[in-house]
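User: I've got a model open and I'd like to learn how to read its helices, sheet and loops. Could you walk me through it?

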Amino acid sequence: MLTFELHTKAVAAAEQATNDHIDTYGEHDACGFAWVTAYVKGNTKLGKSFIAQGFDKAYGGGYQLWNPSKNWTQSISAKEAGTEAYVRCIREALPDVKIYSNSRMD
């Protein structure tokens with residue numbers, strides 16, 4: 001189950017990864033968006049726990065959380081670093097959850 005504590009830990013990991021990426025490489029990359037998609041059913045206890053942490057219904061199925069790092073950079077690679085860190089953190093605690101990092105250029 002995605003608890004508030006686990007979500008907060010994953011968001012902190014996303015923030016750190018995004019900031020580290022910007023510190024290392026700067027913001028000179030393509031503009032884009034990044035988000036996390038969890039393929040869970042919304043009517044289950046697990047699905048409701050993701051919804052309670054701010055995940056919204058995704059067009060292609062599952063539930064998504066846009067820009068978990070909350071960093072306003074336009075650099076797609078920095079945002080991807082954040083979503084990948086969020087996913088790693090969740091997978092460590094919930095290895096059976098199908099959760100993925102996604103992105104697209106603007």
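Analyst: Sure, let's begin with a short helix. In α2, residues 45-52, the buried positions are G47, S49 and F50; buried means under 20% relative accessible area and exposed over 50%, with partly exposed in between (1.4 Å probe, protein chains only). These three cover an arc of only 160 degrees around the axis, so they sit on the same side of α2. That arc is taken from the directions between the helix axis and the C-beta atoms. The model is predicted, so local features need pLDDT of at least 70 and side-chain atom pairs 80 or more, while totals for chains, interfaces and linings use all residues. Numbering starts from 1 along each chain as its sequence is written, and side-chain values use heavy atoms, leaving out hydrogens and water.

User: Which exposed residues are on the face of α2 turned away from its buried side, and what covers the buried ones?

Analyst: K45, K48 and A52 are the exposed ones there. The cover includes β1 (32-38), α3 and β4 (99-105), where contact means heavy atoms within 4.5 Å. Helices (H or I, at least four residues) and strands (E, at least two) are DSSP runs, numbered from the N terminus.

User: How do I check the length of α1 against its span?

Analyst: Multiply 1.5 Å by one less than the number of residues. For the 22 residues of α1 (4-25) that gives 32 Å, and the end C-alpha atoms are 31 Å apart, which agrees. Its buried residues include L6, A10, A14 and H21, whereas F4, E5, D23 and T24 on the other side are exposed. Just after α1, G26 takes a positive phi of about 80 degrees.

User: In what order do the strands of the sheet come?

Analyst: Two strands pair if DSSP finds at least two bridges between them. Here 4 strands form an open, antiparallel sheet in the order β2-β3-β1-β4. The edges are β2 (56-57) and β4, each pairing on one side only. Helix α3 packs on the sheet, touching β1, β3 and β4, and its direction makes about 170 degrees with that of β4. Axes are lines fitted to C-alpha atoms, for helices over the stretch in contact, and angles run from 0 to 180 degrees between N-to-C directions.

User: Is T73 buried or exposed?

Analyst: T73 lies in the loop between β3 and α3 and is buried, at 3% relative accessible area. Its side chain makes a polar contact with that of E27 (2.5 Å); such a contact is a pair of N or O atoms within 3.5 Å, and within protein one must be able to donate a hydrogen and the other to accept it, with residues adjacent in sequence counting only if both atoms are side-chain atoms.
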